[in-house]
Structures are given as structure tokens and as C-alpha cells.
Amino acid sequence: MLVIEDEPSLRLLLGRLLTDAGYRVSTAATAALGLQAAMTEIPDLVILDLILPDIPGEEVLSVLLASRPDARVLILSSVAEVGRRIAVLDTGAADFVAKPFSNGELLARVRARLRDDARPSPGTQQRYLTGHGFELDLQRRELVMGGNRIELSQREFVLLAHLLHRRGQVCTRQELLADVWGIGFDPGTNVVDVYVRRLRSKLATNSIETVRNVGYRFVAC
């Protein structure tokens, strides 16, 4: 796990809190050092502040996700503007926790984000979920179509896995926001619709059906 936080006492606190919870933690005091560590260490989760001395956290998030689409990033920031919070979630952040924060809530959010990538435990779950002319590889986080592998972003992967697990059932936008984005309220954006369109362009099928004014359904085979 990687913590990118410029405030020394908070960086130390987070390191101790997460280490005591059983995680292996590295920290970085600047955006540049954080990006370098994220690219070389490949952490399971990045905890990122938005207010950093060298590069804005939003730019760090964009660069990181462009280089590693599967990266999971939890924003931990005192930024109060709702628009900035929504923007980082739309960009691909896995969660947003506001400062000041409760230690217990932060650890719960960390556990949830490490749990929600839908990767199976070896030998306990199937590797593939099948759809119309494709397979979703749960280990490699890729679409397999006609023998070709198509990479998915973290959010695309989790969204498709959710729809496949609930195939034939209507998934409301509120459900998808909560289970895929970790947002317990409607942020007033069309982020769900945008990601469904991205999936449709990669699937090249009519597998995902729009249920007007409600949400989406993966059509059962």
C-alpha cells in the first residue's frame, strides 16, 4: 500500500495505522516521489491527498490511471468543494474520504476497496464469467473475445463483473454507484451511463440493456 501525503505528522500516523492493521506500507511526501513509487512498487491501493506541494493530486490520479488503468486510488483530502470530489470519482478514484477522518472508517474503506476488485481466491472461485461471445478473465482483468485479450480499466472491470453476476436482473443506477463506485448518494453526473457506453463499445454486442429511468441489465444468454 502506498500513502502520498505531504504533511509529516499525518503521513506518520497513516503509516502506523495501516501497518498496525497488517498492511505493508510505503509513503511519499511529494507527487513526484509518489508516482515513482506507484510505478515501481505496484501497490494494491494508493491513498492520495489532493493538495500536494509539487503537483495537484488530480493530475497525479490522471497520470497514474493512464499508466496503470487497474490502479485503485482512495482520495484522502480536506478539499471541501463537491465538484472536485465528484471530478476525481469520475476520473476513476475508487473512493473519497474527507479529512478529518475516523481511523475506524478509513480502515473500513480500505478493506472495502481491497475487497471490491472481484478477483477470486485461487481454487475457490471460477476464473471466467461468460457473456455473449466473450469471457471476462477475473485473474487478468481482461475481456477475452475471439482469442484476443482486451484490457479494461478498474472501473470497467468491476462494472462488467457486477452486471454479469446479476445477469438478467435490473441494476439500478443507485446500486451501481454504491457497489461499483462506493458512492452512497447520487452525485448528479452521468458517470454510470458513460462507463456503460465504454463497455458497450468494447463488447460490440447488445448485451447490456437500458431499463429506462431505472438502470441497466445484462441480458441473460
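Valine 144 stands opposite arginine 149 in strand 9. I begin with this pair, in a model that is predicted, and shall work outwards from it.

Strand 8, residues 142-145, is joined to strand 9, residues 148-151, by 4 bridges, and the two run antiparallel. Together they form a hairpin with 2 residues between them. In that turn, glycine 146 has a positive phi of about 55 degrees. Strands of a sheet pair through backbone hydrogen bonds, either parallel or antiparallel.

Strand 8 also pairs with strand 7, again in the antiparallel sense, over 3 bridges. Here aspartate 137 stands opposite glutamate 142. Which residues of strand 8 are buried on its two sides? Glu142 and Val144 are buried on one side, and Leu143 and Met145 on the other, so both faces of the strand are covered. In a regular strand the side chains alternate between the two faces of the sheet.

Between strand 7, residues 135-137, and strand 8 there is a loop, and leucine 138 lies in it. Is leucine 138 buried or exposed? Its relative accessible area is 2%, and because buried means under 20%, leucine 138 counts as buried. Its C-alpha atom is separated by 5.3 Å from that of arginine 127, although the two residues are 11 apart along the chain.

Let us turn to leucine 136. Leaving aside neighbours within four places in sequence, leucine 136 is in contact with ten residues that I shall not list in full; among them are Arg127, Leu143, Phe157 and Leu160.

The largest nonpolar core has 51 residues. Which of them touch the most other members? They are Leu48, Leu136, Leu159 and Leu160. Helix 6, residues 154-165, supplies the largest share of this core, with 7 residues. A second, separate core has 15 residues, including Met1, Leu14, Leu17 and Leu107. In soluble globular proteins, nonpolar side chains tend to be buried together.

I now move to another sheet. This open sheet has 5 strands in the order 2-1-3-4-5, with parallel pairing. Why is one side of strand 2 and of strand 5 left without a neighbour in the sheet? Strand 2, residues 26-28, and strand 5, residues 95-98, stand at the edges and have a single partner strand each. On average, neighbouring strands of this sheet are turned by 20 degrees against each other, direction ignored.

Within the sheet, strand 1, residues 2-4, pairs with strand 3 in the parallel sense over 3 bridges. Isoleucine 4 stands opposite leucine 48 in strand 3. Helix 2, residues 31-41, lies across strand 1 and strand 2, and runs at about 165 degrees to strand 1.

Aspartate 49 is found in the loop between strand 3, residues 46-48, and helix 3, residues 57-67. An unreviewed UniProt entry places the feature "modified residue: 4-aspartylphosphate" at Asp49. In this model aspartate 49 counts as buried, at 4% relative accessibility. Beyond its neighbours within four places in sequence, aspartate 49 is in contact with Ile4, Glu5, Asp6, Gly57, Leu76, Ser77 and Lys99.

Finally, I come to strand 12, residues 215-218, which is joined to strand 10, residues 170-172, by 3 bridges in an antiparallel arrangement. Threonine 172 has glycine 215 as its bridge partner there. Strand 11, residues 208-211, also pairs with strand 12 in the antiparallel sense, over 4 bridges. Glutamate 209 has arginine 217 as its partner. Strand 11 and strand 12 form a hairpin with 3 residues between them, and asparagine 213 in the turn has a positive phi of about 65 degrees.

Key
Residues numbered from 1 in each chain as written. Predicted model: local features only at pLDDT ≥ 70, side-chain atom pairs only at ≥ 80, totals over all residues. Heavy atoms only, no water. Buried < 20%, exposed > 50% of the residue type's maximum accessible area, 1.4 Å probe, protein only. Core = buried A, V, L, I, M, F, W, Y, C linked by side-chain atoms within 4.5 Å. Contact = heavy atoms within 4.5 Å. UniProt positions renumbered as here; feature names shortened; annotations may be inferred. Pairing = 2+ DSSP bridges. Axes fitted to C-alpha atoms, helices over the stretch in contact; angles between N-to-C directions.
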